[in-house]
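Ready for some practice in reading a structure? Work through the exercises below, and try each one yourself before you look at its solution.

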Amino acid sequence: MKVIVTGGAGFIGHHLVKYLVQLEYKVYIIDNFDDYYSPQRKRKQLESIGYSNHYQLIEADLLQEDQVHHIFQKIKPDIVVHLAALPGVSYSLENPHAYIEKNIEMTVNVLKAAGINHVKHVVFASSSSVYGDQKNVPLMEEMANGKVISPYAASKYSAESFCQAYSHIYSFQLTILRFFTVFGPFGRPDMAIGKFISKLLRNEEITLFGQGVSRDFTYVDDIVRGIELAMKRKGENEIYNLGAGHPVTMEELLLELKKFFPHMQVKQEKYRLGDVSATWADISKATKQLGFKPTVSFQEGIKRTVQWAKEYEV
Ligand SMILES: NC(=O)c1ccc[n+]([C@@H]2O[C@H](COP(=O)([O-])OP(=O)(O)OC[C@H]3O[C@@H](n4cnc5c(N)ncnc54)[C@H](O)[C@@H]3O)[C@@H](O)[C@H]2O)c1
């Protein structure tokens, strides 16, 4: 089975490639080592997969429509997992146009190339941010209503619509996966857990924005297993939440980190614009239809992430 993983050098991408290679998929990574965060770090992420003749790196910019088409034409993949994107809520407030370009235009290039080259199944990485700031939790798939609160979320919600349109035009099967705050080794350095741990390792103060904010932190191995389960599904187009299904407040996160960093210093700031107050995935649809079952607890995930950071980040 030939699979293109766009953004395969990224945080989730390289974990996914490592998993797929073990399962003997033939994987083609398309990534341009974008500089949203360190490209060197992305190279390290790829190196951590280890040697395997089951994957190949194609260094290319997905914004180059002709190039994307030629790559798809040459590989003729069965499945495309489209992870490449410009992530991050705060940066999207400063630079919204980049999100339209990366998360919408780039997605259209991938969808068109997939359609023209008869890809059977497109799996799109969307986000819990598409639910906006809702009071009713847990969040079920049908609760996304377009009332998003950041340009990042707007770009993901729009990209979901383009996925639906191109699936209709070219008749490929579509699966949209909405990930809930993913963490683990090589976690993105702009996200809370990654940022906190690297500051704590340097004995620096960490900043907490808002009070009582909670996230459904999900360990990356569970996300990767969920993606592979989704890749194998057959049938109608579907949207699934992939999350732990257990929200954790930022205060609880700090208490967990304190076990490893007892001298932690915390500065409190007010809410940041664009951040939702709570995320909590209702994963019953993914559990029922995909057999998705998170296996790594929050405590175990934090332990593994801190262990990794102590080895890698210092
Ligand atoms: N990490 C999370 O908690 C989370 C939560 C919800 C959704 N998501 C989504 O999951 C996907 C993966 O996220 P991640 O955390 O691994 O991010 P990441 O930034 O680590 O990975 C994205 C990858 O896309 C690549 N890329 C960007 N622009 C490109 C271009 N023009 N051409 C080719 N490659 C390009 C980057 O170089 C990077 O390697 C994204 O779509 C993101 O929006 C992530």
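**Exercise 1.** In this predicted model, describe how helix α3 and α5 pack.

*Solution.* Two packed helices are described by the angle between their axes and the distance between the axes. Start with the angle: α3, which covers residues 65-75, packs against α5 at about 35°. Next comes the distance, and the two axes are 9 Å apart. Finally, add the handedness: α3 and α5 make a right-handed crossing.

**Exercise 2.** Find the residues that make the contact of α3 with α5, and sort them by character.

*Solution.* Begin with α3, which brings E65, V68, H69 and F72. Then move to α5, where N109, V110, K112, A113, A114 and I116 take part. Sorting the residues of this contact gives 6 nonpolar, 2 polar and 2 charged.

**Exercise 3.** Which residues are closest to the ligand, and which element gives the most to the shell around it?

*Solution.* The ligand is surrounded by 30 residues, and the closest are D31, Y37, Y152, K156 and V182. Now look at the elements: α1, α5, β5 and α6 each supply at least two residues of the shell. β5 gives the most, with 3 residues. By character, the shell has 17 nonpolar, 6 polar and 7 charged residues.

**Exercise 4.** Locate polar atoms of F11, L62 and R188 beside the ligand.

*Solution.* Take the backbone first. A polar backbone atom of F11 is 2.8 Å from a ligand oxygen, and one of L62 is 3.0 Å from a ligand nitrogen. For the side chain, a polar atom of R188 lies 2.8 Å from an oxygen of the ligand. To finish, consider cover: the ligand on its own has 820 Å² of accessible area, and the protein covers 98% of that.

Methods
Residues are numbered from 1 along each chain as its sequence is written. This is a predicted model: local features need pLDDT of at least 70, side-chain atom pairs count only at pLDDT 80 or more; totals for chains, interfaces and linings use all residues. Side-chain values use heavy atoms; hydrogens and water are left out. A residue is near a molecule or strand if one of its heavy atoms lies within 4 Å of it. A polar contact is a pair of N or O atoms within 3.5 Å; within protein, one must be able to donate a hydrogen and the other to accept it, and residues adjacent in sequence count only if both atoms are side-chain atoms. Accessible areas come from the Shrake-Rupley method with a 1.4 Å probe; for residues, only the protein chains shown count as cover. Helices (H or I, at least four residues) and strands (E, at least two) are DSSP runs, numbered from the N terminus. Ala, Val, Leu, Ile, Met, Phe, Trp, Tyr, Cys and Pro count as nonpolar, Asp, Glu, Lys and Arg as charged, and the others, Gly among them, as polar. Axes are lines fitted to C-alpha atoms, for helices over the stretch in contact, and angles run from 0 to 180 degrees between N-to-C directions. A crossing is left-handed if the near helix is turned anticlockwise from the far one by less than a right angle, and right-handed if clockwise. Contact means heavy atoms within 4.5 Å.
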